[in-house]
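The following exercises concern salt bridges and helix packing in one structure. Each task is followed by a solution in steps.

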Amino acid sequence: FMKTKNIPTDIKSKSLNDAKTEILHILERLESQTADLEGSKKDYERLLILNNHINDIFKQRLDNIRSKKK
């Protein structure tokens, strides 16, 4: 898995909703009949990074919740 520091700034600055929206757009492109292989590969790689970013957001929120319970 990709470490947080490896996530590009343009993705790191996205809110949860912005990341989700971009994922939906990428999925639409990947599912289209006109998708080219090279573009699909780049989209897929970006999809993985966006997913890692969303996981990081959830981990931070979970840590915040846990620290407030202590």
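A salt bridge is taken here as a side-chain nitrogen of Lys or Arg within 4 Å of a carboxyl oxygen of Asp or Glu. The model is a predicted one.

**Exercise 1.** Determine what joins the side chains of Arg46 and Asp10, and which parts the pair ties together.

*Solution.* Step one is the distance: nitrogen and oxygen of the Arg46 and Asp10 side chains are 2.7 Å apart, and the two meet in a salt bridge. Step two places the partners: Arg46 belongs to helix H3 (residues 37-69) and Asp10 to helix H1 (residues 9-12), so the contact ties together parts 36 residues apart in sequence. Step three considers accessibility. Arg46 has a relative accessibility of 24% and is therefore classed as partly exposed; Asp10, at 41%, is also classed as partly exposed.

**Exercise 2.** Establish how Glu22 is connected to Arg46, and whether Glu22 is buried or exposed.

*Solution.* Glu22 and Arg46 form a salt bridge through their side chains, at 2.4 Å from N to O. Because Glu22 lies in helix H2 (residues 16-31) and Arg46 in helix H3, this pair ties together parts 24 residues apart in sequence. The cut-off for a buried residue is under 20% relative accessible area. Glu22 has 15% and therefore counts as buried.

**Exercise 3.** Identify the network of salt bridges to which Arg46 belongs, and state how many salt bridges the rule yields.

*Solution.* Arg46 meets Asp10 and Glu22 in salt bridges. The network links Asp10, Lys14, Glu22 and Arg46. By the rule applied, the count is five salt bridges.

**Exercise 4.** Describe the salt bridge between Lys41 and Glu45 and the separation of the two residues in helix H3.

*Solution.* The N to O distance between the Lys41 and Glu45 side chains is 3.9 Å, and they meet in a salt bridge. The residues are four apart in helix H3, which means a separation of about one helical turn. Lys41 counts as partly exposed at 48% relative accessibility, and Glu45 counts as partly exposed at 39%.

**Exercise 5.** Compare the span of H3 with its expected value, then name what covers its buried residues.

*Solution.* H3 comprises 33 residues and reaches 48 Å from its first C-alpha to its last, close to the 48 Å expected at 1.5 Å a residue. Its buried residues include Leu47, Ile49, Leu50, Ile54 and Ile57, and among them are also Asp43, His53 and Asp56. H1 and H2 are among the elements that cover the buried residues of H3.

Definitions and conventions
Residues are numbered from 1 along each chain as its sequence is written. This is a predicted model: local features need pLDDT of at least 70, side-chain atom pairs count only at pLDDT 80 or more; totals for chains, interfaces and linings use all residues. Side-chain values use heavy atoms; hydrogens and water are left out. Buried means under 20% relative accessible area, exposed over 50%, partly exposed in between (1.4 Å probe, protein chains only). The expected span of a helix is 1.5 Å times one less than its number of residues. Contact means heavy atoms within 4.5 Å.
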